[in-house]
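User: Could you take a close look at one part of this model for me, the place where the two chains meet? Go into the residue detail, and then tell me how it sits with what's around it.

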Amino acid sequence: MSKESKRMNDETIMLRVANDELSFATLLFERYNLLMFNYFMRNTYNKMTSQDLTQNVFYRLIKYRKSFKEDYSFKPWIYRISRNVYIDYLKEENKINTNDIEEKQVADNLDENIIEKTEKKETEIKLNQALLKLSTTDREILILSKFQNVKYQEIAEMLDLTESAVKVKVHRAIKKLREVYFKLEKV
Amino acid sequence: MNCIEFEGLIVEYINGSLSDEEKQILDNHLESCSNCKRAFEQYAELEINIKDSHQFLPDDSLKSNFIQHIEKETKAIKKQKSSIHLVIEKKHIKSIMRYAAILLIGFLIGNVINKQKSNVEITGLKQEVDATKNLVIMSLLESNSASNRIKAVGYSSEATYNEEIIKALLVTLNNDKNVNVRLAAANALYNFKDDKSVKESFIQSLRHQTDPRLQIRLIDILVEFKDENAIPEMFKMLQENELNETVKYKIEEGLGVLL
């Protein structure tokens, strides 16, 4: 790809993919695969599953490319796909109650991926454990707004809510997280 | 503002979305409220930990698999597009043209037959349409299927008057194997009743017909025409031994009207 492609925005690229120029999708993959992968990791703490689900997202991006219209925003669109992929996964695995995910899994995944100092590792373990104690909806909204830095307005578009409703949800979730996290500290 | 509300401000402060004014209000409160100050510190710590947390990394295979997938899909698309081209190869063109011609004829006939639709007739086109219609009617009349022949007769009754069609209908009236087709022909010819030769043919046909249904229909038509020329033929029929009772009655009734 030429220098020209670095200046192209997501929407322009996706429209070209929609026009059957599939190789442009590689650009989108490079821009978004980590985000998507981490979204799934923080929800499942399972690397294999997260890779599968991420792949699914980009397969669907190709498959449903023609449904991406000219006036769409790309980020909410791809997040909506990811969310649907995750929900389909939950339905298939019947994992409606996410407390099924064992705490042990969290630590294992962190062992694999973290190179940093021990201290950081511990706080991170604690953070992830606290996240797991939240409800699915609370965790999801925090993953999006705090870990993935998705703006309230974009989250609103994705989840089909008003921006103020999103703000309320985020507040509620972060307050819950604080509660759980600092309780853990005391133990 | 109470501390619960201040907690909301703290969250938004961390988010970076407070105005300078709001920041000032918060600062002022934090100076005097130890609960909120602790809350602020905890939210800040949480934020730092979140921002510090690592990105998980997928295997390299994720990307290479996707690139492979793209290549596969691109090939599939090319194949689809080229197979569409194949369909429009030379050997198919004749069939396509044939179908197109049939469709055109069907469309033209449909337009002429359907009286409910608006009568937008292009004069030059009308003649061509009529000629085409006649061709279709004529060929359908030869069909092995009785229902097709009935269809043909149906079309012809709505056609504009022309000798060829009349002739064909008469032949059908007298010679068609199927009584329903003959009946249909009689009814179709009825529409052309103003034509002298048609009237004449009805009488002649009466001589040939043996099926009661047809006899009755023809008699009805002739009586309606008040065609006195039919009288001799009708008398003759009365003398036949095998004459159907209903037909006999019809003739007597008809004669009553005509005489």
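Analyst: Here's a walk through the contact between the chains, followed by a look at some features away from it. Bear in mind that this is a predicted model.

Let's start with the overall numbers. Chain A puts 44 residues into the contact and chain B puts in 34 residues. Together they bury about 3800 Å² between chain A and chain B, with carbon and sulfur atoms giving 62% of that area. On the polar side, 16 residue pairs, both at pLDDT 80 or more, are in polar contact across the interface. On the side of chain A that touches chain B, the elements giving two or more residues are helix 3 (25-44), helix 4 (47-63), helix 6 (103-113), helix 7 (118-132), helix 8 (136-147) and helix 10 (163-186) of chain A. Helix 3 of chain A gives the largest share of that side, at 10 residues. Sorted by class, the side of chain A that touches chain B comes out at 19 nonpolar, 12 polar and 13 charged residues.

Now zoom in on helix 3 of chain A, where you'll find A:N38. What does the side chain of A:N38 make a polar contact with? The partner is the side chain of B:Q55, at 2.6 Å. A:N38 has a relative accessible area of 2%, so it counts as buried. Setting aside neighbours within four places in sequence, the residues in contact with A:N38 are A:Q148 from its own chain, plus B:H54, B:Q55 and B:F56 from chain B.

Next come the charges. The rule picks up five salt bridges across the interface of chain A and chain B, while a search of the whole structure gives 17 over all chains. One that crosses between the chains pairs B:E47 with A:K146, whose closest N and O atoms are 3.3 Å apart. B:E47 belongs to helix 3 (residues 34-52) of chain B, and A:K146 to helix 8 of chain A. Are these two buried or exposed? Both B:E47 and A:K146 are buried.

Another salt bridge joins B:K81 to A:D20, with 3.4 Å between the closest N and O atoms. This pair doesn't stand alone: A:D20 and B:K81 are linked with A:R65 and A:K66 in a network of salt bridges.

Helix 8 of chain A turns up again in a salt bridge within its own chain. A:E140 pairs with A:R83, the closest N and O atoms being 2.5 Å apart. That link joins distant parts of the chain, since A:E140 sits in helix 8 and A:R83 in helix 5 (residues 74-93) of chain A, 57 residues apart. The two ends are not equally covered: A:E140 is buried at a relative accessible area of 8%, whereas A:R83 is partly exposed at 23%.

Over in chain B, the setting is helical throughout, with 13 helices and zero strands. Buried residues account for 37% of the 259 residues in chain B. Of the chain B contacts between residues at least 6 apart in sequence, 56% join residues at least 24 apart.

Take helix 1 of chain B, residues 3-15. Its 13 residues reach 18 Å from the first C-alpha to the last, close to the 18 Å expected at 1.5 Å a residue. At the N-terminal end, B:N2 acts as a cap, with a side-chain oxygen 3.1 Å from the backbone nitrogen of B:I4. After the helix comes B:G16, which has a positive phi near 85 degrees. Within helix 1 of chain B, the run B:F6, B:E7, B:G8, B:L9, B:I10, B:V11 and B:E12 is buried.

Further along, helix 10 (residues 196-208) of chain B holds B:S205. B:S205 is at 0% relative accessibility, so it counts as buried. Not counting residues up to four places away in sequence, B:S205 touches B:L173, B:N174 and B:L218. From B:S205 to B:L218 is 13 residues in sequence and 8.2 Å in space, C-alpha to C-alpha.

Helix 10 of chain B also has a salt bridge to look at, between the side chains of B:R207 and B:E233 (2.9 Å, N to O). B:E233 is in helix 12 (residues 230-238) of chain B, so this pair ties together parts 26 residues apart in sequence. Here B:R207 counts as partly exposed at 48% relative accessibility, and B:E233 as buried at 8%.

Key:
Residues are numbered from 1 along each chain as its sequence is written. Chains are lettered from A and ligands numbered from 1 in the order in which they are written. This is a predicted model: local features need pLDDT of at least 70, side-chain atom pairs count only at pLDDT 80 or more; totals for chains, interfaces and linings use all residues. Side-chain values use heavy atoms; hydrogens and water are left out. Contact means heavy atoms within 4.5 Å. Buried area is the accessible area (1.4 Å probe) that two parts lose on being put together, summed over both. A salt bridge is a side-chain nitrogen of Lys or Arg within 4 Å of a carboxyl oxygen of Asp or Glu. A polar contact is a pair of N or O atoms within 3.5 Å; within protein, one must be able to donate a hydrogen and the other to accept it, and residues adjacent in sequence count only if both atoms are side-chain atoms. Helices (H or I, at least four residues) and strands (E, at least two) are DSSP runs, numbered from the N terminus. Ala, Val, Leu, Ile, Met, Phe, Trp, Tyr, Cys and Pro count as nonpolar, Asp, Glu, Lys and Arg as charged, and the others, Gly among them, as polar. The expected span of a helix is 1.5 Å times one less than its number of residues. Buried means under 20% relative accessible area, exposed over 50%, partly exposed in between (1.4 Å probe, protein chains only).
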